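Here is a short tour of one chain and its surroundings, written to be read with the structure open beside you. Take a look at the model, then follow along below.

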Amino acid sequence: MSFPEELHYTPSHEWVRIDGDVGTIGITDYAQKELGEIVYLEMPEVGHVFNADDEFGTVESVKAVSELYTPVSGEVVEVNKAAVAEPGIVNDDPFGDGWLIKMKLTTDEEVGKLMTAEQYASYVQQEEKER
Amino acid sequence: MSAPARATTLKRTPLYDLHRELGAKLIDFGGWEMPVQYSGILEEHRAVRERVGIFDVSHMGEFEFTGEGALASLQWLTPNDVARLTDGRCHYSAFLTERGTFVDDLLVYRKAADAYMLVVNASNTPKDFDWAKARARGNVHVDDASERYALLAVQGPRAAGLVSRLCAEDPSGLAYYSFLETSVLGTPALVSRTGYTGEDGFELYLAPQGAARVFRGLLEEGRGDGATPCGLGARDTLRLEARMALYGNDIDDTVTPWEADLGWIVKMKKGDFLGRGALERQKAEGVPRKLVGFEMVDRGIARHGYPAHTAQGEGVVTSGTHSPTLGKPIGLAMLPAGAAGIGTEFEVDIRGRNAKARVVETPFYKRPKEAR
């Protein structure tokens, strides 16, 4: 399982990569493994504005539906159409080609509240132990 | 991402350790700790459609009806005509309430004129046993034999070749819904040409002590065939493509065989049976709602329990998934009879969003002729 250093993580297993005032958001390697083969993504419209921790879409495997939550506040500026058309990309490359949405951040103050790679790795370890 | 909850104190099949060893993901299925998948639902589904898959379904319940009153008793307890069965044949049937609704759906095997085996759904086993025991008539002994059987399903176009190589007697000549009592890899086995996937295949009722050996043996012998261990996840997508009902989802004690499009298991001419009066009345009055197959017109996967809005009133999605074979969402819904015609459009409330769906012909998948 990988935990890229440069990303920021949520307890609900989303990640965000910050590039200036744009955040790219996806689900983690651990999340895609837990879900199994992803067959459907429901993504928001470009222009939609979310607060941090809002539900911004859903990801579905054959068996289950999971809600997705925004790590930060902002406006959706791009949706990964390739992933919507072929959700298996999210399984294959969750931190790369399998990204979900890009948001223009409302503030740069929220990112600091998210988990670092190291914190998230131990959080996942704990979660696995509790099962 | 939201996480699923977990449960405790689950029953295990004789294959539990093997599932762990094979890296299965285990879930609570009706009180049983069962493999939902090994390599992945889509891959396992494909293995069964194209090659051969091996399932542990030992959680299913088995009852034995013996004695000279067994036939009469089963004629009373089930709607299909047990008198039509000969030795070595089985059929699909049910236990019905006085209201004509499903207590459970099941298989009836005739081993001999005075010896039958019934196979019931795992989570219904205690309920069914009490129900049958209280209503069995005459000189019959009803026994819950569930602990004495492990059950493996070997399903797919290469199942017959694989099973025949391990079986003491060649079962590849068996007709669909026939069985023989023989042995597999030295383990006593009832080998039945039945299944819940829409493919050719067998179900092997085994002495529990031999089950793990047979499961391993099938995997080893079937390596060249691409034999794949399969979990309940693929079993569910396979059965839904084949439009086989799942108790607790598509049928339950509020649904009659007429409503579920399972009228063929009801033989009104055979004489009296439990639920007959109610079924007669419903047939005369007309069926108020029907279980239909549907595809999504709009994007989205309609799942079990989602409300359905039709021009004729409210309905509900009873099963829904992504069909691995068709590559699109499919499902079954209980709709008002007036909205059940092929081609009728309706809306499914997918977590607050209304998405259009259309009633279609079923089964969604039918195996190619040459594979039969």
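Helix α2 (residues 41-50) of chain B is largely enclosed by the rest of the structure, because seven of its ten residues are buried. Bear in mind as you look that this is a predicted model. If you would like to pick out the buried positions of α2(B), they are Ile41(B), Leu42(B), Glu44(B), His45(B), Ala47(B), Val48(B) and Arg49(B). What do these residues pack against? Their neighbours in chain B are β2 (32-37), β3 (53-56), β9, β13 (228-230) and α7 (232-241).

One of those neighbours, β9, leads us to another covered element. Strand β9 (residues 150-155) of chain B pairs with β12(B), and strand β11 (residues 187-192) of chain B pairs with β12(B) as well. The two pairings can be set out like this:

| Strand paired with β12(B) | Sense | Bridges |
|---|---|---|
| β9(B), residues 150-155 | antiparallel | six |
| β11(B), residues 187-192 | antiparallel | four |

Glu203(B) is a handy place to see both pairings. Its bridge partner in β9(B) is Ala153(B), while Ser192(B) of β11(B) also stands opposite Glu203(B).

Are the residues of β12(B) buried or exposed? Six of the six residues in this strand, 201-206, are buried. In a regular strand the side chains alternate between the two faces of the sheet. In β12(B), Gly201(B), Glu203(B) and Tyr205(B) lie on one side, with Phe202(B), Leu204(B) and Leu206(B) on the other. Both faces are covered.

Stepping back, the domain assignment of chain B gives domain 1 (16-58 + 149-241) and domain 2 (61-145). Their centres, taken over C-alpha atoms, are separated by 24 Å. Where the domains meet, ten residues of domain 1 of chain B are in contact with ten residues of domain 2 of chain B. On the domain 1 side, the touching residues comprise five nonpolar, five polar and no charged.

Chain B also meets chain A: 16 residues of chain B are in contact with 20 residues of chain A. Helix α2(B) turns up again here, since the elements giving two or more residues to the chain B side are β2, α2, α7 and β16 (313-323). That side divides into six nonpolar, eight polar and two charged residues.

How confident is the prediction? Chain B averages a pLDDT of 96, and 97% of the residues score at least 70. For the model, the scores are ipTM 0.85 and pTM 0.93.

Definitions and conventions:
Residues are numbered from 1 along each chain as its sequence is written. Chains are lettered from A and ligands numbered from 1 in the order in which they are written. This is a predicted model: local features need pLDDT of at least 70, side-chain atom pairs count only at pLDDT 80 or more; totals for chains, interfaces and linings use all residues. pLDDT is the predictor's confidence in each residue, from 0 to 100. A residue is buried if 20 or more other C-beta atoms lie within 10 Å of its own, exposed if 12 or fewer, and partly exposed in between; C-beta atoms are placed from the backbone. Two strands pair if DSSP finds at least two bridges between them. Domain bounds come from an automatic or database domain assignment. Two residues are in contact if their C-beta atoms, placed from the backbone, lie within 7 Å. Ala, Val, Leu, Ile, Met, Phe, Trp, Tyr, Cys and Pro count as nonpolar, Asp, Glu, Lys and Arg as charged, and the others, Gly among them, as polar.
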